[in-house]
Amino acid sequence: MDISSLTLMFTGLSLGMLHAFDADHIMAVTSLSAKRSSPRQIAFFCGRWALGHGATVMLLAILFIAFDWHLSEQASLWAERFIGVLLLSVGLFLAYRFIHPNAGLKITTHQHADGTKHTHIVEVSKPHRSHLPVSVGIVHGVAGSGPLLAVLPALIAKSSSLGILYVVLFSIGVLLSMLCFGLLLGFAQSLLYDRSETLFRYAKGILGLATALLGFVWLKGTF
């Protein structure tokens, strides 16, 4: 592998690490994971988003390189619009949870063997929640600057194998950055929650409004 190919590979890894911090990516994973969780859980959440994003970008690259296939401008536009709708919906949901903090909670009673009763408040689990970050990552892989940064440089590589390797390194860069961001986000949330539950709740409300605003602006820019 010559110096130009090595430079292209290093560029792919670096661009992937930077691409992970696009505003829509950060707001989406931050909002979707905005609950009291351990740093490891949030990092795992962000990692699943990165896997969905990387798998989509790699699929696009294979189609582009092997079959000379092109993503239509209309399909990319609708994917961009879906991201706007997603950000707006998640933001409004967080704002709703701020106004109604007990939404999604249920009260249960449990009787022990000695006859004493305890009341428990638990959150109603959402089915298939584990698939959400992967699904959002897939949409982000189709829209935004991902295909531009990952696929176009791969097309100018000296061979198809080098082009695919570039996309793999790009996706690894996205994954590494997201894992690091998830850990930092998890530690920050835990620290904020331990300091003040009220402050943690207000921070989620502000995050919801900011995410909804970004979604509105993002969606408005696609029309």
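Start by selecting His-25, which sits in helix H2. Helices here are DSSP runs of H or I with at least four residues, strands are E runs of at least two, and both are numbered from the N terminus. Before you go on, a word on what you're looking at: this is a predicted model, where local features need pLDDT of at least 70, side-chain atom pairs count only at pLDDT 80 or more, and totals for chains, interfaces and linings use all residues. Residues are numbered from 1 along each chain as its sequence is written, and side-chain values use heavy atoms, with hydrogens and water left out.

**Around His-25**

Is His-25 buried or exposed? It's buried, at a relative accessible area of 2%. (Buried means under 20% relative accessible area, exposed means over 50%, and partly exposed is in between, with a 1.4 Å probe and protein chains only.) Now add Cys-46 to the selection: the C-alpha atoms of His-25 and Cys-46 are 9.8 Å apart, with the two positions 21 residues apart in sequence. Cys-46 is buried too, with a relative accessible area of 0%.

**Cysteines**

While you have a cysteine up, click on Cys-180 as well. That one is partly exposed, at 48% relative accessible area. A disulfide is a covalent bond between the sulfur atoms of two cysteines. How many disulfides does a search of the whole structure find? Zero, taking a disulfide as a pair of cysteine sulfur atoms within 2.5 Å.

**Aromatic pairs**

Next, show the rings. The whole structure holds three aromatic pairs. Rings of Phe, Tyr and Trp (its six-membered ring) count as a pair if their centres lie within 6.5 Å; planes under 30 degrees apart are stacked, over 60 edge-to-face, and the rest tilted.

One of the pairs is Phe-21 with Phe-181, edge-to-face, at 6.3 Å centre to centre and 85 degrees between the planes. Phe-21 is in the loop between helix H1 (3-19) and helix H2 (23-32), while Phe-181 is in helix H7, so this pair ties together parts that are 160 residues apart in sequence. Phe-21 is partly exposed at 43% relative accessibility, whereas Phe-181 is buried at 15%.

Then jump to Phe-98 and Tyr-202, another edge-to-face pair: 4.9 Å centre to centre, 70 degrees between the planes. Phe-98 belongs to helix H4 (residues 73-99) and Tyr-202 to helix H8 (residues 197-220), so to speak a link between distant parts of the chain, 104 residues apart. Phe-98 is partly exposed at 23%, and Tyr-202 is partly exposed at 43%.**A nonpolar patch**

Select Met-17, Ile-172 and Leu-176 and switch on the surface. Together they form a nonpolar patch with about 230 Å² of accessible area. (Patch residues have over 30% relative accessible area and no salt bridge; like charges are joined within 9 Å, and nonpolar side chains, meaning Val, Leu, Ile, Met, Phe, Trp and Tyr, within 5 Å. A salt bridge is a side-chain nitrogen of Lys or Arg within 4 Å of a carboxyl oxygen of Asp or Glu. Areas come from the Shrake-Rupley method with a 1.4 Å probe, and for residues only the protein chains shown count as cover.) Ile-172 is in helix H7 (residues 160-195) and is partly exposed, at 36%.

**Zooming out**

Finally, colour the chain by secondary structure: you'll get eight helices and two strands, running α-α-α-α-β-β-α-α-α-α from the N terminus on. Of the 223 residues, 39% count as buried.
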